[in-house]
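Here is a set of short questions about how labels are earned. Each answer sets a value against its cut-off.

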Amino acid sequence: MPECVEAFTDGACKGNPGPGGWGVLLRWGEVEKELCGGESETTNNRMELMAVIVALESLKHTTCIQITTDSQYVKRGVGEWMPRWKRNGWMTAERKPVKNKDLWERLDAALAGHEVSWRWVKGHAGHAENERADALANRGIPQRSRR
């Protein structure tokens, strides 16, 4: 069995809402790839979701992937909330529309077929790859405004 791809993801926002960026460090064995981008008006949660979505959508083949995030929103959303939201027609337990539904649906589709494991790390705590993903996310913020 081939080794798994590792993805380290992070989102950043200057103001919330405000200009935001996402960053991804992908690693497969000795090969690494860095990705970043952003939006002029967004939220931190949307950028955290986009980082994971881009990591998954960048895979060319169905594979196993370990996603490392510092986002409790993403971790709990995938592990706890999303199955219930889907059963309830993307409504919360309070029967309100799920925030960021467009990105949760896109993430759900991006997860399909992959063997995904999740790892949560504390942000800004010296985890080398998380710090790199954070730097990429911050690099992504002005990148959008230059286009």
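Q: Which strands each supply at least two residues of the lining of the largest pocket?
A: Strand S2 (18-28) and strand S3 (31-42) do. Strands (E, at least two residues) and helices (H or I, at least four) are DSSP runs, numbered from the N terminus. This is a predicted model: local features need pLDDT of at least 70, side-chain atom pairs count only at pLDDT 80 or more, and totals for chains, interfaces and linings use all residues. Residues are numbered from 1 along each chain as its sequence is written, and side-chain values use heavy atoms, with hydrogens and water left out.

Q: What makes a space a pocket rather than a cavity?
A: Both are sets of points on a 1 Å grid over the protein atoms alone. In a cavity a 1.4 Å probe fits but cannot get out; a pocket is an open set with protein on both sides within 12 Å along at least five of seven lines. The largest pocket holds about 370 Å³ of space. Its lining has 14 residues, and Val-5, Trp-28, Ser-58, Leu-59 and Lys-60 are the closest to its centre. A lining residue has an atom within 4 Å of a point.

Q: How do the residues of the lining of the largest pocket divide into nonpolar, polar and charged?
A: Six are nonpolar, four polar and four charged. Ala, Val, Leu, Ile, Met, Phe, Trp, Tyr, Cys and Pro count as nonpolar, Asp, Glu, Lys and Arg as charged, and the others, Gly among them, as polar.

Q: How do you know that S2 and S3 pair?
A: Two strands pair if DSSP finds at least two bridges between them. S2 and S3 have 10 bridges, in the antiparallel sense. They therefore meet the definition of a pair. One of the bridge partnerships joins Trp-28 to Val-31 in S3. The two strands form a hairpin with two residues between them, and Gly-29 in the turn has a positive phi of about 65°.

Q: Why is the contact of Arg-27 and Glu-32 called a salt bridge?
A: The term needs a side-chain nitrogen of Lys or Arg within 4 Å of a carboxyl oxygen of Asp or Glu. Here N to O is 2.8 Å, so the contact qualifies. The structure holds 10 salt bridges.

Q: Is Arg-27 buried or exposed, and what of Glu-32?
A: Buried means under 20% relative accessible area, exposed over 50%, and partly exposed in between (1.4 Å probe, protein chains only). Arg-27 has 15%, so it counts as buried. Glu-32 has 38%, so it counts as partly exposed.

Q: What makes the contact of Arg-132 with Glu-34 a salt bridge, and which parts of the chain does the pair link?
A: The closest N and O atoms are 2.9 Å apart, so the pair meets the cut-off. Arg-132 sits in helix H4 (residues 128-146) and Glu-34 in strand S3; these distant parts of the chain put the two 98 residues apart. Arg-132 is partly exposed because its relative accessibility is 30%. Glu-34, at 39%, is partly exposed too.

Q: Why are Glu-105 and Lys-101 separated by about one helical turn?
A: They are four residues apart in helix H3 (residues 101-111). Their closest N and O atoms are 3.9 Å apart, and they form a salt bridge. Glu-105 is partly exposed at 33%. Lys-101 is partly exposed at 35%.

Q: What makes H1 largely enclosed by the rest of the structure?
A: Of its 14 residues, 11 are buried, so the label follows. Among them are Arg-46, Glu-48 and Leu-49. Helix H1 (residues 44-57) reaches 20 Å from its first C-alpha to its last, close to the expected 20 Å. The expected span is 1.5 Å times one less than the number of residues.

Q: Why is Leu-26 called buried?
A: Leu-26 has a relative accessible area of 10%, so it counts as buried. Its place is in strand S2.

Q: What is the peptide bond between Asn-16 and Pro-17?
A: The bond is cis, with omega about 15°. Pro-17 lies in the loop between strand S1 (5-13) and S2.

Q: Is Trp-90 buried or exposed, and what of Arg-95?
A: Trp-90 has 11% relative accessibility, so it counts as buried. Arg-95 has 52%, so it counts as exposed. Trp-90 has a positive phi of about 60° although it is not a glycine. Phi of Arg-95 is near 65°, also positive. Most residues other than glycine have a negative phi.

Notes: Grid points are joined across faces, edges and corners, and a volume is the space filled by probe spheres set on the points.
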